[in-house]
Amino acid sequence: MATQQVSTRIDALPRTILHRPFFWIIALAIAAFVVAPTIGNDVQLRESLLLAAVYIILASNLNVMIGYAGYVNFGSIVFFGLGGYLCVWLVGRPGFPLAVAALAGGVVVSALALVFGFGVLRLRGAYFALATIGVNEGVQAFVMNFSPWGGAAGMYLSTELFAPLGGPRQALWTIYYLLVAVMGLSLYLSYGIKVSKFGLGLLAIGQNEDAAAVLGVPTRLYKALAYSATAFLPAIAGGLYYFKSAFIQPSDAFDLTFSTEAIAIVMLGGQGTIAGPAIGAFFYEELRGWLLTSDTFSHFQLVVAGALLLIIVLFLPRGLIGTAHARWPDLRRIIE
Amino acid sequence: MFGIIASIIDGVLVGSVYGLAAMGLTLIWGVMDVVNLTHGSLIVAGMFALYLLTDATGLSPYAALPAIVVGGFAVGLFLYWIAVHRMIGRPPLMSLLSTFSVNLVLVGLGTAVWGTGLFNVPVSLPGLTLQRFTFPGTHILAAVLAGVLAGCLYAFLYGTRLGKAIRAVANNRGAAELVGIPTTRVLSFAFALGAALACVSGMLIATLFPFTVLSGDAYQLKSFVVIVLGGFGNPAGALFGGIALGLVEGLATPFMPVSWILVIEFGLFVAVLVARPGGVFALRRT
């Protein structure tokens, strides 16, 4: 039944992606991210939106694995952290320009993910989830001991490196715009994958992997490609993010709570939808900010976040957008 | 040469405690296909229970064992009904997330109450000295207790009616239901038993090493490594897995800095998981 649903939805929609309203809704959202902080030069708003953009990048890439293919990547933060390390190292030592370093980080991490994906994606369900935790922890333990990258103490960048971007103040704006661009690409990537044949194959894997394989979906290749494709943009985002902080250390870069937050965001918004992770990320960022600043809850931030996640998992397993779709089926045509 | 052997023996002693810790996790996994991510917090709960009990009563730490078993069992029952019961039979993502969120709540409460400082429970036991090397008494006693408890669990699973029911539910829940086994009650009992094992292992670890509220994650990851080595859902294998892990640690310690051992452990973990997803000592399930 569920497979039928997918195919009718695809048929009912206009042929090209440009004719769909949701394509333009994404464009509007990106424009809002670009314009909002420039009004009144609001640095505080920019920082909060920057964090939201990072969450959206992580969550919507993760969503391709979780929501489409049904594989829970618990250690997705390893892409972000490794991308950050490669970029900071390339900018700091050989003195590459930021754009080249961040792109190189993305390409290398994506290639590593492809190689790794072929091995790790032989596993299914909880076994895969555990293996991804193992990969993240293994990489973290390795970096902690890897002296060219500063070991456990991490690496610093000198603020002089901001000079090519027009000084520290201007550099922060540039990095913000770059991150918003990566966010836009992430949203369009997950949208593009969903409407493509590749995405249909991933959705089929998510429904029933063996049946998909019998019907001719090259499951191993598709899974590894999805794993690798969703590593690319988070790695670039990691590079930009850690270049901005001018400091990176293993315990932050490979922090498992960050990747579980991304899972929580995907669940909150609605797995398998494109708007879901974005809306989930926005709500999560707002909630986190509120909990951290509130007098009553600042000590119990984790408790409240945990209780909230439990309530979603128990009573709203399809997330906000998923529940709205079930309630108003026509909404699927506008918000996908 | 004797130094290496001593290091290996000590590794095996500590490893058997890791084995006990993993036993609770693998029992729950095997019986209900739930990866219990509250495992780490339960281990920490055992540590702090021991700390509070010895601090309040001044009794020997080992006298606290029965109280911790009972307490862990009660906590396990509570957690089962809150977070796990509705997840039985649903995709693994759901139970991973529900137990993860409970874990967040527990860790949050722990840090709010105790902070993240270092705690330890002073235990004085005479060690065993061979040539220049002394094996701490706490390590020996912890290993013995872990072995005894593993034996008890084995006897329970294979020698009692309830144990048989647990194995039946693990094998085929539907069929167990058909022959009249109250599966829900058996599942909640098995979960509580797993939780009690985690608490007891936490208590034993607390007698060996200092700990913080956040120690749980590290021991939970170790438990996963042990499970992979010992075979999924196989409590007896977990003890061997723990001993194997202890052996690796003991063997590696004299040759490399301690921080590299983690790299080896996780490399081993991923490699074994990919090469033999059922675990090294996996029993063939019929």
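**Exercise 1. Decide whether A:Ile26 is buried, exposed or partly exposed, and find what surrounds it.**

Solution. A:Ile26 has 19 other C-beta atoms within 10 Å, so it is partly exposed. A residue counts as buried at 20 or more such atoms and as exposed at 12 or fewer. Keep in mind that this is a predicted model.

Next, place the residue: A:Ile26 sits in helix 2 of chain A, residues 21–35. Then look for its partners. Not counting residues up to four places away in sequence, A:Ile26 touches A:Leu187, A:Tyr188 and A:Tyr191. Finally, take one of these partners: A:Tyr191 is 165 residues from A:Ile26 along the chain, yet their C-alpha atoms are separated by 9.7 Å.

**Exercise 2. Find which residues of helix 8 of chain A are buried, and work out how this helix packs with helix 10 of chain A.**

Solution. Start with burial. Helix 8 of chain A covers residues 197–207 and is mostly covered, with 8 of its 11 residues buried. The buried ones are A:Gly199, A:Leu200, A:Gly201, A:Leu202, A:Leu203, A:Ala204, A:Ile205 and A:Gly206.

Now turn to the packing. Two packed helices are described by the angle between their axes and the distance between the axes. For helix 8 and helix 10 (residues 219–245) of chain A, the angle is about 105° and the axes are 10 Å apart. The two helices are therefore roughly perpendicular to each other.

Last, list the residues that meet. Helix 8 of chain A brings A:Phe198, A:Gly201, A:Leu202 and A:Ile205, while helix 10 of chain A brings A:Thr219, A:Tyr222, A:Lys223 and A:Ala226. By class, the residues of this contact are 5 nonpolar, 2 polar and 1 charged.

**Exercise 3. Describe how helix 3 and helix 12 of chain A cross.**

Solution. First, the geometry: the axes of helix 3 (residues 43–68) and helix 12 of chain A come within 9 Å and cross at roughly 70°. These helices are therefore roughly perpendicular to each other.

Second, the residues. From helix 3 of chain A come A:Tyr55, A:Leu58, A:Ala59, A:Leu62, A:Asn63, A:Ile66 and A:Gly67, and from helix 12 of chain A come A:Ala262, A:Ile263, A:Ile265 and A:Val266. Third, their classes: 9 are nonpolar, 2 are polar and none is charged.

**Exercise 4. Work out which parts of chain A supply the side that touches chain B.**

Solution. Begin with the counts: 35 residues of chain A are in contact with 31 residues of chain B. Helices 5 (98–120), 6 (125–145), 12 (256–269) and 14 (301–315) of chain A each supply at least two residues of the side of chain A that touches chain B. Helix 6 of chain A gives the largest share, 14 residues. Sorted by class, this side of chain A has 24 nonpolar, 9 polar and 2 charged residues.

**Exercise 5. Summarise the build of chain B and locate the largest nonpolar core.**

Solution. Count the elements of chain B: there are 11 helices and 2 strands. In sequence order they follow the pattern α-α-α-α-β-β-α-α-α-α-α-α-α. The radius of gyration of chain B is 19 Å, close to the 19 Å that the globule rule gives for 286 residues, so chain B is as compact as a globular protein of that length. Buried residues make up 52% of chain B.

The largest nonpolar core has 206 residues, and those with the most contacts inside it are A:Ala53, A:Leu179 and B:Ala190. Helix 8 of chain B (residues 183–208) contributes the largest share of this core, 17 residues.

Definitions and conventions. Residues are numbered from 1 along each chain as its sequence is written. Chains are lettered from A and ligands numbered from 1 in the order in which they are written. This is a predicted model: local features need pLDDT of at least 70, side-chain atom pairs count only at pLDDT 80 or more; totals for chains, interfaces and linings use all residues. Two residues are in contact if their C-beta atoms, placed from the backbone, lie within 7 Å. Helices (H or I, at least four residues) and strands (E, at least two) are DSSP runs, numbered from the N terminus. Ala, Val, Leu, Ile, Met, Phe, Trp, Tyr, Cys and Pro count as nonpolar, Asp, Glu, Lys and Arg as charged, and the others, Gly among them, as polar. Axes are lines fitted to C-alpha atoms, for helices over the stretch in contact, and angles run from 0 to 180 degrees between N-to-C directions. Angles under 35 degrees count as roughly parallel, over 145 as roughly antiparallel, 65 to 115 as roughly perpendicular and the rest as oblique. A nonpolar core is a set of buried Ala, Val, Leu, Ile, Met, Phe, Trp, Tyr and Cys residues joined through C-beta atoms within 7 Å. The radius of gyration is taken over C-alpha atoms; the globule rule is 2.2 Å times the number of residues to the power 0.38.
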